[in-house]
Structures are given as structure tokens and as C-alpha cells.
Amino acid sequence: DDALIDIDAWNDCPDEATESEVAGMPAFFGLDLSTTTDISSACFVVPHDGVLKAFWRFWMPEDLAHVRQQEDRVPYIEWSRQGYLTLTPGNVVDYGFIRGELLSLRENLKVVEVGFDPWNATHLSGELADDHGFAMVPVRQGFQAISDPTKRLLAIVAERKLDHGGNPVAKWMAANAVGKEDENGNIRPVKNRSRGRIDGIMALVMALYVMDRSEGLADWAEGGSLVIDL
């Protein structure tokens with residue numbers, strides 16, 4: 001009853017997004033870095049052909065994958081074989097590996113901005129900004145910053161205008177999210193249980209945050225294309 005995202009609506013959304021079709025287009029990123037022994041996630045979104053195309057990267061320490069799979073009762077190993085989850089070497093998250101993958105993504109996309117949670121990403125975000133020229137935007141996880149992009153996400157899903165590419169990790173995390181509301185009607189995603197992961201949803205919300213704050217956006221929801229002065 002407390003589910004944040006209507007999973008039936010999520011399942012009804014388009015699931016055909018491919019990264020090749022958005023190559024060279026402006027993209028908005030969200031980066032949710034975990035503690036060193038958990039899942040980290042990046043999501044980038046591209047408004048295109050009247051829908052929001054969403055793509056994810058998930059990372060987990062390889063040495064902990066079997067333990068986490070037993071604890072969370074989800075197929076991390078199979079997801080890694082299918083290419084939805086990257087197992088990084090060792091027993092802690094390799095932030096250098098994540099940095100390298102973001103640099104690789106920038107070769108095929110025009111990265112406009114990257115939203116990130118400053119609580120656990122100060123060092124990596126500094127490297128990305130200072131050493132590689134990424135436009136990094138801190139997105140604090142309280143109601144003030146998170147509520148509007150969360151409501152935008154719910155509207156996009158309800159209208160079946162999110163093309164999530166059928167990513168099973170993102171779907172599992174969407175099902176784990178419940179909504180927490182304050183006295184002013186603001187909402188933000190929280191986990192529905194101690195082992196429920198929502199990193200990919202938080203990364204998506206942060207990507208929407210930076211997308212909505214950017215200037216020059218056309219009304220893509222009505223079938224327009226993204227127009228932004230880079």
C-alpha cells in the first residue's frame with residue numbers, strides 16, 4: 001500500500017530504449033554512490049521522441065556478490081552475466097572503475113550535468129569536476145530537493161512516457177521504493193525494507209533534478225525533441 005511507484009504502470013512503459021539510438025544527444029546524469037561494500041548506480045536520461053529514455057549502470061564488489069545475492073534474494077550473478085550489473089574487482093567498490101566508465105560514456109553522449117548525493121561522493125565528484133571537466137551538481141537527499149523530481153518521475157511513469165529499456169535491476173529497485181511524505185505534501189523515496197535497494201531510483205530522480213533545472217528544454221512530453229544550447 002505504501003509503494004511509491006505503480007509497478008503495473010512501470011511494466012506498461014516502453015522497454016525498447018537502446019544507447020545507440022541516443023548517441024551524441026544531450027544527457028542528464030544522476031550518480032548514487034554507495035558505501036564501499038554495496039551497490040553504486042548511475043542513471044542517465046535523454047528526452048527523445050516524446051518519451052524519457054533512461055539507462056543505468058550498476059556496480060558491486062565482485063567478492064561480495066554471492067553473499068549479497070543470498071542476503072537480498074535476487075540474482076546478482078545472473079544480472080552481471082546479462083550485462084546489467086558490473087562486478088568490480090575486490091571486496092570494495094572501485095571508484096576508479098566507475099570514473100572510467102563515466103568517461104567512456106561521455107565519448108558517445110553530451111553530458112550536460114551530473115547530479116550527485118554529496119554525502120558519499122565528495123572525492124569522486126571533485127575528481128570528475130576538477131580533472132575531467134564534468135558539471136557536477138550536488139543534490140541533497142532531503143524533501144526540498146528530491147520532492148519535485150520524484151513527483152515528475154511518478155507522472156512520467158503514470159503517463160507511460162518512461163522508456164526504461166526493460167532493465168531488471170531498475171525494476172526491482174522501483175518495486176522496493178516507498179514514499180515518505182512530510183507535513184507539506186513533499187515526498188521522497190525510501191527503502192521498503194532493510195535489504196531493499198533503491199540506488200537506481202535515486203540516481204534516476206537526481207538525473208531528473210538536473211534535467212529540470214537546465215535551461216532551453218523543449219516540451220518533450222508533447223512529442224518534441226530536446227533543444228538545449230550547449
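**Close-up 1. Ser 125 in helix α5 of the predicted model.** Ser 125 is buried, with a relative accessible area of 7%, and this view, like those that follow, is taken from a predicted model. The residue belongs to helix α5, which spans residues 122-130. Once the neighbours within four places in sequence are set aside, Ser 125 is in contact with Phe 116 and Met 136. Because buried means under 20% relative accessible area, the 7% computed for Ser 125 places it in that class.

**Close-up 2. Asp 49 and Gly 50 in the loop between β2 and β3.** Two successive positions are shown here, Asp 49, found in the loop between β2 and β3, and Gly 50, which lies in the loop between β2 (40-48) and β3. Asp 49 counts as exposed, at 54% relative accessibility, whereas Gly 50 counts as buried, at 9%. Although Asp 49 is not a glycine, its phi is positive, at about 55°. Gly 50 is also shown with Lys 161, from which it is separated by 111 residues in sequence but by 7.3 Å in space, as taken from C-alpha to C-alpha.

**Close-up 3. Helix α2 and the elements that cover its buried residues.** Within helix α2, which runs over residues 65-72, the buried residues are Ala 65, Arg 68 and Asp 72. Seen down the axis of α2, these buried residues fall within an arc of 65°, so they line one face of the helix. An α-helix has 3.6 residues a turn, and therefore residues three or four places apart point the same way. His 66 and Gln 70 are exposed on the other side of α2. The cover over the buried residues of α2 includes β3, α3 (76-82), β4 (86-88) and α7 (168-176).

**Close-up 4. Arg 73, just after helix α2.** Arg 73 follows just after α2 and has its place in the loop between α2 and α3. Its phi is near 60°, a positive value in a residue other than glycine. With a relative accessible area of 77%, Arg 73 is exposed.

**Close-up 5. The hairpin of β8 and β9.** Strand β8, residues 177-181, pairs with β9 in the antiparallel sense, and the pairing extends over five bridges. Among the facing positions, Gly 179 stands opposite Pro 189 in β9, and Lys 180 stands opposite Arg 188 in β9. Five residues lie between the two strands of this hairpin, in which Gly 185 takes a positive phi near 85°.

**Close-up 6. The largest pocket and its lining.** The space in the largest pocket amounts to about 420 Å³. Its lining is made up of 19 residues, of which Asp 32, Lys 191, Ile 198, Asp 199 and Met 202 are the closest to the centre of the pocket. At least two residues of the lining are supplied by each of β9 (187-191) and α8 (199-213), and the largest share, four residues, comes from β9, the strand that also pairs with β8 in the preceding view. Divided by class, the lining of the largest pocket holds eight nonpolar, four polar and seven charged residues.

**Close-up 7. The second largest pocket and its lining.** The volume of the second largest pocket is about 210 Å³. Of the 15 residues that line this pocket, Glu 19, Trp 56, Arg 57, Tyr 84 and Asn 167 are the closest to its centre. Strand β3, residues 51-61, gives the largest share of the lining, with five residues, and β3 is also one of the elements that cover the buried residues of α2. By class, the lining of the second largest pocket divides into six nonpolar, six polar and three charged residues.

Note on methods:
Residues are numbered from 1 along each chain as its sequence is written. This is a predicted model: local features need pLDDT of at least 70, side-chain atom pairs count only at pLDDT 80 or more; totals for chains, interfaces and linings use all residues. Side-chain values use heavy atoms; hydrogens and water are left out. On a 1 Å grid over the protein atoms alone, a cavity is a set of points where a 1.4 Å probe fits but cannot get out, and a pocket is an open set with protein on both sides within 12 Å along at least five of seven lines; lining residues have an atom within 4 Å of a point. Grid points are joined across faces, edges and corners, and a volume is the space filled by probe spheres set on the points. Ala, Val, Leu, Ile, Met, Phe, Trp, Tyr, Cys and Pro count as nonpolar, Asp, Glu, Lys and Arg as charged, and the others, Gly among them, as polar. Buried means under 20% relative accessible area, exposed over 50%, partly exposed in between (1.4 Å probe, protein chains only). The arc is that of the directions from the helix axis to the C-beta atoms. Contact means heavy atoms within 4.5 Å. Two strands pair if DSSP finds at least two bridges between them.
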